[in-house]
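Subject: Handover of a structure

Dear colleague,

Please find below the structure that I am handing over to you. My notes on what was found in it follow directly after.

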Amino acid sequence: MINSNELNTRQLNRHYEEQGYFVIRDYFAAADIGSLRDIILKFHQLWKKDNADFYKEVAFNSSLITGSEYLESDDRITLFNFISSTKIMTIVDAVIKNNPAFMNTQLFFNPINPELKDFWHRDCQYDHDIEVQKIVIHETQVLHLRVPLFDELGMELVPGTHKRWDTEEEFNVRQEEEGRLSNESLSTGKKIKLAAGDLLVFSADMIHRGLYGMDRLALDILVFDSAGDFSDYIDPDCLPNSAMLAQIDDPRLFNNTLDLKSKSNQNLKFEI
Ligand SMILES: O=C(O)CCC(=O)C(=O)O
């Protein structure tokens, strides 16, 4: 664990490279988390009302928090400035050396449906079959920066799995093979309890699960290395428009995404 007073970006990078994650305790001031929480709760109330059945039956997260559907422009600008604040960019730059780009935000909460249990996965398993998963875990990965808005049980991670394939136990549990279930405990899992004010950074492709319970409401910021091929995953509505960009102190995270989007649109035009 790293204390925010002793922030050493080289040490953070080494920990991430070796373990696939790190946590910084007490990184954000209570007032900053308080203002962020007010905006996120506004989003969450409107989203829940609009997605009542989905929320009741299967949901454990929402996404596109910075989009235009539920929040007004001033709240979106505040969010964009939080996402690209010096505190966040110091961490992003420590892990992604060249042209980090913004992908999306997600909000994780406790599911209403008691049948839903906290489940192990790698994010890449929803896009790729097993053989491709074995390859993509050695390529550029998406980074999650988790900002808990209340104290929570946190996450359980399997250290090192951002760079190595599953053991038999991990594979059978994560993929629900050989009669195993994805919510069973793993002998290699490491639980990381989180408090409001902490920051957890982890690789989306490592084996992980959120731990349901307490008053969990956690904002995840997703970023990636521009060298990775992730631009198709980005919804343009969650990006700032040019009037908003002018009000963002350090907009390079969003500018990098906008550049990638415009390059991929140009390629599309050539293909037509
Ligand atoms: O917190 C959760 O429920 C799951 C988190 C997760 O899977 C993720 O952030 O990719």
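I begin with M103, which counts as buried because 23 C-beta neighbours lie inside 10 Å, where 20 or more are required. Please bear in mind throughout that this is a predicted model. M103 belongs to strand β4, which covers residues 100–109. Setting aside its neighbours within four places in sequence, M103 is in contact with V142, L222, V223, F224, F230, Y233 and I234. A further relation links M103 to D235: the two are 132 residues apart along the chain, and their C-alpha atoms are separated by 8.3 Å.

Among the contacts of M103 is V223, which leads to the next strand. V223 has its place in strand β10. V223 also counts as buried, because it has 26 C-beta neighbours inside 10 Å. When residues up to four places away in sequence are not counted, V223 touches V92, I96, P100, A101, F102, M103, L143 and L253. By contrast with these contacts, the C-alpha atoms of V223 and R122 are separated by 16 Å, with their positions 101 residues apart along the chain.

Strand β10 itself spans residues 217–225, and 7 of its 9 residues are buried, so the strand is largely enclosed by the rest of the structure. Its pairing with β4 is antiparallel and extends over 9 bridges. Within this pairing, F102 stands opposite V223 of β10. Strand β10 also pairs with strand β5 (residues 143–148), again in the antiparallel sense, over 6 bridges. Here L145 has I221 of β10 as its bridge partner.

There is also an open sheet of 3 strands, in the order β7-β6-β9, with antiparallel pairing. Strands β7 (190–194) and β9 (208–210) stand at the edges and have a single partner strand each, so one side of each is left without a neighbour in the sheet. From one strand to the next, the twist averages 20°. Strand β6 comprises residues 152–157 and is joined to β9 by 3 bridges, the two running antiparallel. L157 has H208 in β9 as its bridge partner.

H208 appears again in the surroundings of the ligand. Which residues are around the ligand? They are F60, F108, D123, H144, A204, H208, G210 and D220. By character, this shell divides into 3 nonpolar, 3 polar and 2 charged residues.

A further strand pairing involves β2 and β8. Strand β2 (residues 21–25) is mostly covered, with 4 of its 5 residues buried. It is joined to strand β8 (residues 199–203) by 4 bridges, and the two run antiparallel. In this pairing, the bridge partner of F22 is V201 in β8.

Turning to the helices, α4 covers residues 73–83, and its buried residues are R76, L79, F80, F82 and I83. These residues lie on the same side of α4 because they cover an arc of only 160° around the axis. The background to such an arrangement is that an α-helix has 3.6 residues a turn, so residues three or four places apart point the same way. In helix α7 (residues 168–175), the buried residues include E170, V173 and R174. They cover an arc of only 95° around the axis, which puts them on the same side of α7.

Helix α7 is followed by E176, one of the residues whose backbone deserves a separate note. E176 is not a glycine, yet its phi is positive, at about 55°. E176 is found in the loop between α7 and β7. Is E176 buried or exposed? It is partly exposed, because 14 other C-beta atoms lie within 10 Å.

M214 also has a positive phi, near 50°, and is a residue other than glycine. M214 has its place in the loop between β9 and β10. It counts as partly exposed, because it has 15 C-beta neighbours inside 10 Å.

I should be glad to learn which of these points you wish to discuss.

With kind regards

Definitions and conventions. Residues numbered from 1 in each chain as written. Predicted model: local features only at pLDDT ≥ 70, side-chain atom pairs only at ≥ 80, totals over all residues. Pairing = 2+ DSSP bridges. Axes fitted to C-alpha atoms, helices over the stretch in contact; angles between N-to-C directions. Buried ≥ 20, exposed ≤ 12 C-beta atoms within 10 Å, placed from the backbone. Arc of directions from axis to C-beta. Near = placed C-beta within 6 Å. Nonpolar A, V, L, I, M, F, W, Y, C, P; charged D, E, K, R; others polar. Contact = placed C-beta atoms within 7 Å.
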